[in-house]
Amino acid sequence: MQVPMSSYLVEIKPQIQELIRLLEREFDYVSVLCTDVKGTTYRVSMHQTTVGDYHFCERGFVVRAWQDGSYTEYSFNNLTDAADLAEEITSALKSDFRH
């Protein structure tokens, strides 16, 4: 079974690529995991069949960075301007690396 790519992830791909480009200036390695999950519930009994939206949905991001032999991660679920986000993430990750 093939599932079509999330239209949301296709739409934001350029923003994520820009975010990675900005973060790569500060760290030896950077990756971003993006998720957009939704589903459908099917219930079948002897008397009825129902189909509905699955109430567990997930949309979020995890940045992983490598610097001087250590990894750290930063997660978020609201994609904002790549430059602003890169500044926020850089500050948080550098703080993690210092500890």
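Here are three short exercises, with solutions, on a predicted model.

**Exercise 1: Build the sheet**

Work out which strands pair, and in what order they sit in the sheet.

*Solution.*
- Step 1: Start with strand S1 (residues 29-37), which pairs with strand S4 (residues 58-67) in the antiparallel sense over 9 bridges. Look for Val 37 here: its bridge partner in S4 is Glu 58.
- Step 2: Now go from S4 to strand S5 (residues 70-76), again antiparallel, with 7 bridges joining them. One partnership to find is Val 62 with Ser 75 of S5, and another is Ala 65 with Thr 72 of S5.
- Step 3: Check the hairpin of S4 and S5: 2 residues lie between the strands, and Asp 68 has a positive phi near 50°.
- Step 4: Put it together, and you get an open sheet of 3 strands in the order S1-S4-S5. S1 and S5 are the edge strands, since each one pairs on one side only.

**Exercise 2: Add the helices**

Find which strands helix H1 and helix H2 touch.

*Solution.*
- Step 1: H1 packs on the sheet and touches S1, S4 and S5, with its direction at about 160° to that of S1.
- Step 2: Helix H2 (residues 82-98) also packs on the sheet, where it touches S4 and S5; its direction makes about 140° with that of S5.

**Exercise 3: Zoom in on Ser 6**

Decide whether Ser 6 is buried or exposed.

*Solution.*
- Step 1: Locate Ser 6 in the segment before helix H1 (7-23).
- Step 2: Its relative accessibility is 14%, and the cut-off for buried is under 20%, so Ser 6 counts as buried.
- Step 3: Look at its side chain: a polar atom there lies 3.2 Å from the backbone nitrogen of Tyr 8.

Terms used
Residues are numbered from 1 along each chain as its sequence is written. This is a predicted model: local features need pLDDT of at least 70, side-chain atom pairs count only at pLDDT 80 or more; totals for chains, interfaces and linings use all residues. Side-chain values use heavy atoms; hydrogens and water are left out. Two strands pair if DSSP finds at least two bridges between them. Helices (H or I, at least four residues) and strands (E, at least two) are DSSP runs, numbered from the N terminus. Buried means under 20% relative accessible area, exposed over 50%, partly exposed in between (1.4 Å probe, protein chains only). A polar contact is a pair of N or O atoms within 3.5 Å; within protein, one must be able to donate a hydrogen and the other to accept it, and residues adjacent in sequence count only if both atoms are side-chain atoms. Contact means heavy atoms within 4.5 Å. Axes are lines fitted to C-alpha atoms, for helices over the stretch in contact, and angles run from 0 to 180 degrees between N-to-C directions.
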